[in-house]
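Here is a short briefing on one protein model. Look over the sequence and the fold before reading on.

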Amino acid sequence: NRPADLHPLLRMRYSPRAFSPASLTPAQIQRIFEAGQWSASCFNAQPWRFVVAAKEDAEGFARILSTLVPANQAWAEKAALLGIAVAQSNFEMNGNPNRFAAYDAGQAMAQVALQTEAEGFHCHQMGGFDAAKAREVLGVPQGYELMAAFAIGQQGDPASLTNEGHRAQETAPGQRKALDTLVFHGIWPK
């Protein structure tokens with residue numbers, strides 16, 4: 001149901017909960033985060049940071065997994081990589097608040113998600129995590145806002161999900177609001 005003329009990476013972009021046991025190579029991980037590194041930002045401040053752990057880093061993976069809400073832990077534990085996206089609150093150049101930091105970090109995360117698709121994997125971004133716990137267990141200093149958690153992996157079999165609701169969500173068709181409710185030409189509608 002996605003428009004056929006969208007770029008293939010955008011048509012394929014999907015946020016699965018069912019992951020296969022496939023691992024990412026170090027080269028794939030590097031390319032995925034290089035995509036975020038080269039994202040645009042206000043004054044080229046590059047306020048995003050990513051705290052990540054591949055499944056092979058059992059201790060780091062467990063730390064990040066422990067910050068997710070239990071419903072997300074149930075499926076994210078099978079991902080190849082977990083991470084937390086972070087935004088630096090103030091500009092390094094002058095210490096002033098950077099009101100674009102969250103926007104820029106989100107844009108960098110979008111590029112990470114698209115490169116993940118290009119690598120044959122998928123990225124599921126989540127708000128369901130404990131930011132205070134993540135700050136503590138991951139050592140994120142003050143001055144950085146924890147924006148979102150994410151899981152990267154190859155899509156697996158929806159039947160592998162133990163939660164019936166997750167299985168239903170995995171196979172349900174994607175839905176989006178009508179474009180004319182999201183894009184306003186020239187003026188906000190009354």
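The points below cover the sheet, the helices across it and the largest pocket.

This is a predicted model. Four strands form an open antiparallel sheet. Helix 2 and helix 6 both have contacts with that sheet: helix 2 lies across strands 1, 2 and 4, and helix 6 also lies across strands 1, 2 and 4. The largest pocket has a volume of about 600 Å³.

**Sheet**

- The strand order is 1-2-4-3, and the pairing is antiparallel.
- Strand 1 (48–54) and strand 3 (122–126) stand at the edges; each has a single partner strand, so one side of each lacks a neighbour in the sheet.
- From one strand to the next, the twist averages 25°.
- Strand 1 and strand 2 (residues 81–88) run antiparallel and are joined by seven bridges.
- Within this pair, arginine 49 stands opposite valine 86 of strand 2.

**Helices across the sheet**

- Helix 2 spans residues 26–37 and runs at about 170° to strand 1.
- Helix 6 spans residues 131–138 and runs at about 85° to strand 4.
- Strand 4 itself covers 144–153.

**Largest pocket**

- The pocket of about 600 Å³ is lined by 18 residues.
- Closest to its centre are Arg2, Arg13, Gly174, Gln175 and Arg176.
- The lining divides into seven nonpolar, five polar and six charged residues.

Note on methods. Residues are numbered from 1 along each chain as its sequence is written. This is a predicted model: local features need pLDDT of at least 70, side-chain atom pairs count only at pLDDT 80 or more; totals for chains, interfaces and linings use all residues. Side-chain values use heavy atoms; hydrogens and water are left out. Two strands pair if DSSP finds at least two bridges between them. Helices (H or I, at least four residues) and strands (E, at least two) are DSSP runs, numbered from the N terminus. Axes are lines fitted to C-alpha atoms, for helices over the stretch in contact, and angles run from 0 to 180 degrees between N-to-C directions. Contact means heavy atoms within 4.5 Å. On a 1 Å grid over the protein atoms alone, a cavity is a set of points where a 1.4 Å probe fits but cannot get out, and a pocket is an open set with protein on both sides within 12 Å along at least five of seven lines; lining residues have an atom within 4 Å of a point. Grid points are joined across faces, edges and corners, and a volume is the space filled by probe spheres set on the points. Ala, Val, Leu, Ile, Met, Phe, Trp, Tyr, Cys and Pro count as nonpolar, Asp, Glu, Lys and Arg as charged, and the others, Gly among them, as polar.
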